[in-house]
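Good morning, and thank you for making time for this item. I should like to go through the structure chain by chain and then turn to the contacts between chains. Please have the display open as I speak.

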Amino acid sequence: MLTSLVELTIVGIFVLTLFAVLGLVLVFMERKVSAYMQIRLGPNRVGYKGMAQTLADTIKLLVKEGLTPDGADKFLFNLAPFIVMIGAMLLMAPIPFAKNSQIWDLNIGVLYITAVSSISVIGILMAGWSSNNKYSLLGAMRSGAQIVSYELSAGLAIISIVILTGSLKISDIIASQETGWWLFKGHIPALISFVIFIIAVTAETNRAPFDMAEAESELTAGFHTEYSGMKFALFFLAEYVNIFIVCAIGATLFLGGWMPFHIGNWAGFNHLMDFIPSSIWFFGKTFFLIFVIMWFRWTFPRLRIDQLLNLEWKYLLPIGMFNLLLMTIIAIMGWHF
Amino acid sequence: MSFIGNYISTVYKAVTSLLKGMRRTGYYFTHHKEIITQNYPENRDELNLPERFKGEVVMPHTENNEHRCTGCTACELACPNATIKIITKFDISPEGKKKKALDTFIYHLELCTMCNLCIQACPTDAIKMAQTFEHSVYNRAELTKTLNKPDSKLMEGVE
Amino acid sequence: MGDLIINVGPQHPSTHGVLHLVITLNGETVKKVEPHLGYIHRSIEKMCESLTYRQFIYVTSRMDYLSSHINNHACALVVEKGLQIEVPQRAQYIRVILDELTRLASHQLWWGAMAMDVGAITPFFHAFREREIINDIMEQTCGARLTMNFIVPGGCMYDLHPDFVKRVKDFIVFFKSKLSEYDEMVTNNPIFQARMQNVGSITKENAISYGCSGPVARAAGVVCDVRKLSPYDVYSQVEFTEAIEKEGDCFARYKVRMKEMNESMRIIEQLIDNIPEGEFQAKTKAVLKLPKGDFYSNVETARGDFGVYIISEGGTTPYRIKFRSPGFCNLSALDHMARGNKIGDLVAIMGSLDLVIPDIDR
């Protein structure tokens with residue numbers, strides 16, 4: 001009893017620290033990546049080469065006045081950021097950060113992930129409704145419609161990998177990629193699934209080019225217009241941690257999680273690759289996918305809400321279903337590597 | 001059948017043009033020599049502004065503390081918004097004649113639009129534009145400048 | 001749900017200046033747009049009644065600050081018309097080259113701001129990199145980067161800097177290679193095309209009846225370039241084509257402005273090597289007095305048809321000046337264009353109209 005309590009506390013502290021560190025690192029990475037693409041330097045004065053910039057921003061957000069608007073529904077207004085954060089934290093459980101380092105390896109890991117990732121929609125709708133502001137309401141409605149639609153495509157892409165593996169358990173999926181990552185072993189259908197997955201998760205986390213909900217040049221800041229101080233910091237942090245989590249899921253399912261890069265039966269090459277620790281493999285793959293998502297943001301213009309939904313229901317969903325059919329045939333016939 | 005052909009070609013064309021755009025930003029991300037930001041307060045020594053830059057109006061003085069302004073008030077008349085105010089006095093020249101001369105040249109930097117009309121109007125080339133651009137002060141009174149230095153007098157030979 | 005009435009601005013990231021729009025929405029569809037102006041009204045026309053004919057030129061730089069040379073040019077033209085001053089050839093060439101450089105700089109900023117309105121933030125910085133080069137060239141010759149005040153009645157204030165010709169030629173070579181980059185990043189992007197096509201259309205008859213001019217009217221098919229219809233300075237000796245499109249939607253306006261950038265470079269190339277020697281300013285009297293009567297002249301700025309109308313009673317200051325600004329009439333067509341479209345389209349339409357609010361409010 002006592003040991004399990006101690007274990008729970010240690011895991012809790014680990015998750016919270018990981019959150020804080022990830023928030024700092026990801027915000028700084030976004031600013032630097034965007035700066036280099038826009039032919040300018042990013043933050044480069046605070047701390048060594050600007051690395052203490054996010055720390056300074058956090059301190060600024062903490063000391064700001066947390067204003068609650070007059071007609072707002074106080075209970076929901078205060079509850080909304082926490083629901084979004086809790087959704088993000090719960091998703092940390094089934095992700096393996098390194099070999100034998102998974103917080104909770106449940107036998108329906110993939111189903112748990114798709115189910116829990118829908119909880120953040122409730123938080124966003126709550127935030128928009130309780131702010132008593134026309135802009136926030138419009139932004140939250142759009143966001144809700146967008147997230148619910150793109151969940152379908154993401155789910156279909158995930159299921160196609162489950163078909164190849166034959167199990168919903170995450171450690172099984174990773175173990176099956178020992179001879180090579182599913183992106184390469186599953187060739188064409190896996191590649192199409194990967195592209196659909198990346199597009200769908202960019203839309204789910206409200207990132208450009210699908211960021212109508214928080215479009216800065218249109219409706220000020222959308223559903224989190226009325227939030228300031230610590231609550232805004234929580235929304236901001238939850239967005240970046242969500243990006244990390246969905247990229248981690250993508251890395252686990254398509255790029256092998258903590259598995260090093262093995263090629264078939266080349267024992268010498270595989271042995272060499274095994275020297276690099278598995279946590280570096282995992283974080284490297286995740287950060288590569290995060291970089292790709294950031295690359296999307298700073299290159300493409302924004303889609304209008306009806307074009308966004310158009311893209312999902314008329315293009316991504318039919319292609320995803322057709323791809324699922326193709327993947328099933330390949331899995332049954334054994335035509336993958 | 002043509003519907004499917006159209007569909008596939010739309011998807012293909014869209015994906016290729018999106019990838020071309022990504023290639024362009026990827027190029028800028030990897031080539032750091034394209035960055036054009038200048039680290040401003042640290043590079044004040046290397047900054048050289050062109051000589052025609054219109055920063056503020058100054059009256060150049062020689063080493064003997066002499067200037068070329070005769071107090072004719074042509075610049076005051078040419079200025080569109082009363083930035084220049086000239087106070088004249090009467091000097092007694094060696095022959096005993098009374099001549100008009102410059103007492104104080106008051107220049108309101110806070111009103112100046114740097115339009116260059118005063119410099120065009122000056123018949124003796126007494127004033128010119130300097131290349132300073134950092135004019136912010138904490139006290140507004142510092143922006144009202146007197147352009148002629150104390151104890152300076154008119155250069156010989158200027159009419 | 002009834003109709004929602006929303007205020008956009010006056011302080012808003014995507015209205016180009018202080019513009020207050022009152023929008024009536026039904027769900028996501030716009031039903032009516034009402035612009036409320038006057039937030040940057042500085043009573044310039046009244047101010048000019050107390051300024052002499054040499055002094056009033058600098059205020060026009062601050063009206064449409066992106067085409068400041070062209071505005072100054074219009075004022076100089078009207079004073080020269082009234083006093084029958086003959087401008088030397090060298091001055092005419094210099095004025096036209098500076099005009100076209102200003103038009104290029106204004107269109108570059110428009111391109112960056114349009115891409116930013118639609119959501120792609122990166123092209124904004126790329127556009128400013130090119131604009132900085134033009135600003136540096138202007139700084140060396142005219143002394144200022146934004147409000148130049150270089151053109152005076154009779155010619156130009158100073159002669160060209162010796163480095164001017166070489167720098168302009170280098171810039172043109174540099175910019176031609178960048179235009180293909182612009183196409184890669186924005187014009188051929190399917191998301192961008194989907195946001196701009198069939199959005200904010202206006203027919204040719206409506207464009208004429210609202211008084212639109214410049215790229216807005218040319219995108220609807222109206223032939224209205226002042227440089228062709230009533231040429232001034234050396235425009236009659238220069239070869240260039242007017243950019244006309246038929247559809248009248250946002251993408252047509254975009255294409256018209258991209259073509260105009262190409263045509264500006266063509267004009268500069270024709271003139272830059274052949275600048276004649278001579279005077280850069282005609283000899284004028286010290287005090288200018290226009291004879292009694294009224295005088296008008298108009299030029300083609302980057303936004304459209306800019307006109308200056310002076311009523312003079314024979315004194316040193318005008319009795320009344322009226323500026324016909326292109327943005328005012330283009331903005332009046334916004335209501336017609338935006339009805340039936342969605343909010344996201346409203347931002348794209350405003351970006352494609354290329355409004356500069358100080359020009360509208362004077």
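Into which domains is chain B divided? Chain B has domain 1 (2-34) and domain 2 (56-154), the bounds being taken from an automatic or database domain assignment.

Before going further, I should state that this is a predicted model, in which local features need pLDDT of at least 70 and side-chain atom pairs count only at pLDDT 80 or more, while totals for chains, interfaces and linings use all residues. Residues are numbered from 1 along each chain as its sequence is written, and chains are lettered from A and ligands numbered from 1 in the order in which they are written.

To return to chain B, the C-alpha centres of its domain 1 and domain 2 lie 61 Å apart. One residue of this chain to find on the display is B:Thr70, in the loop between β2 (66-67) and α2 (74-78) of chain B. Helices here are DSSP runs of H or I with at least four residues, and strands are runs of E with at least two, numbered from the N terminus. Is B:Thr70 buried or exposed? B:Thr70 counts as buried because it has 20 C-beta neighbours inside 10 Å. By definition, a residue is buried if 20 or more other C-beta atoms lie within 10 Å of its own, exposed if 12 or fewer, and partly exposed in between, with C-beta atoms placed from the backbone. From B:Thr70 to B:Glu46 there are 24 residues in sequence and 37 Å in space, C-alpha to C-alpha.

Chain A is next. Its domain assignment gives domain 1 (18-63) and domain 2 (70-333). The centres of these two domains of chain A, taken over C-alpha atoms, are separated by 23 Å. Their contact takes 12 residues from domain 1 of chain A and 12 residues from domain 2 of chain A, where two residues are in contact if their C-beta atoms, placed from the backbone, lie within 7 Å. On the domain 1 side, α1 (2-37) and α2 (53-62) of chain A each supply at least two residues. The largest share of that side, nine residues, comes from α1(A). By class, the same side of domain 1 has eight nonpolar residues, three polar and one charged. Here Ala, Val, Leu, Ile, Met, Phe, Trp, Tyr, Cys and Pro count as nonpolar, Asp, Glu, Lys and Arg as charged, and the others, Gly among them, as polar.

How do α2(A) and helix α10 (residues 230-254) of chain A pack? Their axes are 8 Å apart and make an angle of about 140°. Axes are lines fitted to C-alpha atoms, for helices over the stretch in contact, and angles run from 0 to 180 degrees between N-to-C directions. The two helices are therefore oblique to each other; angles under 35 degrees count as roughly parallel, over 145 as roughly antiparallel, 65 to 115 as roughly perpendicular and the rest as oblique. A:Thr58, A:Leu61 and A:Leu62 of α2(A) meet A:Met230, A:Phe232 and A:Ala233 of α10(A).

As for α10(A) itself, 22 of its 25 residues are buried, so this helix is largely enclosed by the rest of the structure. Just after α10(A), A:Gly256 takes a positive phi of about 95°.

In chain C, please look at helix α5 (residues 122-142). Its buried residues include C:His126, C:Glu130, C:Arg131 and C:Ile134. The buried residues of α5(C) pack against α1 of chain A, α1 of chain B, and α4 (89-118) and α6 (164-187) of chain C. C:Gly143, just after α5(C), takes a positive phi of about 95°.

Lastly, the contacts between chains. Chain C gives 25 residues and chain A 19 residues to their contact. On the side of chain C that touches chain A, β1 (4-8), α4, α5, α7 (190-196) and α14 (343-353) of chain C give two or more residues. That side divides into 14 nonpolar, six polar and five charged residues.

Between chains B and C, 20 residues of chain B are in contact with 19 residues of chain C. Which element gives the most to the side of chain B that touches chain C? That is α1(B), with seven residues. By class, this side of chain B has 10 nonpolar, six polar and four charged residues.

Definitions and conventions:
The expected span of a helix is 1.5 Å times one less than its number of residues.
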